[in-house]
Amino acid sequence: MSEANGSIVEGALIHYPRWEGGVFHCDDSAGGMDDTHAELHAMQKAYDALKSLDGERKGRVIKWLVESLAMDVSFRLGEEPEGPAPVAEQACSASTSPVRREVSVRDFVSQKKPQSLVERVACLGYYLTHYRDQPHFRAPDIVQLNTDAAAHKFGNPSRDIDNADRQNGYLVTAGSGLKQITPRGEAVVEALPDREAVKIALRDNPFKSRRSAARKMAPKGKDES
């Protein structure tokens, strides 16, 4: 028997009735149980009582019956209940922020095509922040992620990470030996690999090298005037 002709309710095979000539007919070949005939009789009486009502009144009567008899109609018929989407789905559909798809660090760095060590450091810091939920990281985290990306090894990781911080403003100290990516660093990574977009990101997120500022503030020697 196909699902279109019947349903299994509490272990019993129940055939849905056919409407022919103004009367319900039920196929009793599956057992002809008394409960089935009682169900058919109830359907016939309900139909006779409701057929003269308009659509709105029919709806009120059916709703009252469902509530009074504590019936879960959608469950009994094996259908998914209709209703508003779950709150989590509503929040996702209403959100305007882009959904980040899963991507390996190797693919991420390959897509961004950083052209300098400090850009690669920024890309790795961005990946840790947005794909690993690790906004604060140390030099060993960057080194390990660089290895996972199958990128060329850093000659001097501490120096390259410090350059990304002090000379370029892509990272900033977060205390206790930790670093975090800056808005300038994020803008650069998001602009990559478009070099023109990178120029705009740098222009819109200006940064003054702390080393340059330190040199300007250093006291002049005796021979300088």
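1. Buried here means under 20% relative accessible area. The model is predicted. By that cut-off, 25% of the 225 residues of the protein count as buried. The secondary structure comes to eleven helices and six strands. Among contacts with a separation of 6 or more, 42% join residues 24 or more positions apart.

2. Start with helix α5, residues 105-112. Its buried residues are Val105, Phe108, Val109 and Lys112. These four lie on the same side of α5, because they cover an arc of only 90 degrees around the axis. Three helices take up the packing against the buried residues of α5: α6 (117-131), α7 (139-148) and α9 (183-191). Note that Lys112 is in the buried set. Just after α5 comes Lys113, with a positive phi of about 50 degrees.

3. Next, the packing of α6 on α8. Two packed helices are described by the angle between their axes and the distance between the axes. For α6 and helix α8 (residues 157-167), the angle is about 85 degrees and the axes are 9 Å apart. The pair is therefore roughly perpendicular. From α6, the contact uses Leu117, Val118 and Val121. From α8, it uses Asp160, Ile161, Asn163 and Ala164. By type, the residues of this contact divide into five nonpolar, one polar and one charged.

4. Helix α8 deserves its own check. Asp160, Ile161, Asp162, Asn163, Ala164 and Asp165 are buried there. That list includes Asp160, Asp162 and Asp165. Of the buried residues, Asp160, Ile161, Asn163 and Ala164 also meet α6. After α8 comes Gly169, whose phi is positive, near 75 degrees.

5. Ile161 is a useful residue to inspect. It sits in helix α8. Is Ile161 buried or exposed? Ile161 counts as buried because its relative accessible area is 6%, and the cut-off is under 20%. Which residues does Ile161 contact, leaving aside its neighbours within four places in sequence? They are Val121, Ala139, Ile142, Leu171 and Lys179. Val121 belongs to α6. Lys179 lies on the covered face of β6. As for Leu117, it is 44 residues from Ile161 in sequence, with a C-alpha to C-alpha distance of 8.6 Å.

6. Now the strands. β5 (residues 171-175) and β6 (residues 178-181) run antiparallel, joined by four bridges. Val172 has Gln180 in β6 as its bridge partner. The two strands form a hairpin, with two residues between them. In the turn, Ser176 takes a positive phi of about 55 degrees.

7. Last, the faces of β6. In a regular strand the side chains alternate between the two faces of the sheet. In β6, Lys179 and Ile181 make up the covered face. Leu178 and Gln180 make up the uncovered one. So which strand residue of the uncovered face pairs with Val172? Gln180 does. On the covered face, Lys179 is one of the contacts of Ile161.

Terms used
Residues numbered from 1 in each chain as written. Predicted model: local features only at pLDDT ≥ 70, side-chain atom pairs only at ≥ 80, totals over all residues. Heavy atoms only, no water. Buried < 20%, exposed > 50% of the residue type's maximum accessible area, 1.4 Å probe, protein only. Arc of directions from axis to C-beta. Contact = heavy atoms within 4.5 Å. Pairing = 2+ DSSP bridges. Axes fitted to C-alpha atoms, helices over the stretch in contact; angles between N-to-C directions. Parallel < 35°, antiparallel > 145°, perpendicular 65-115°, else oblique. Nonpolar A, V, L, I, M, F, W, Y, C, P; charged D, E, K, R; others polar.
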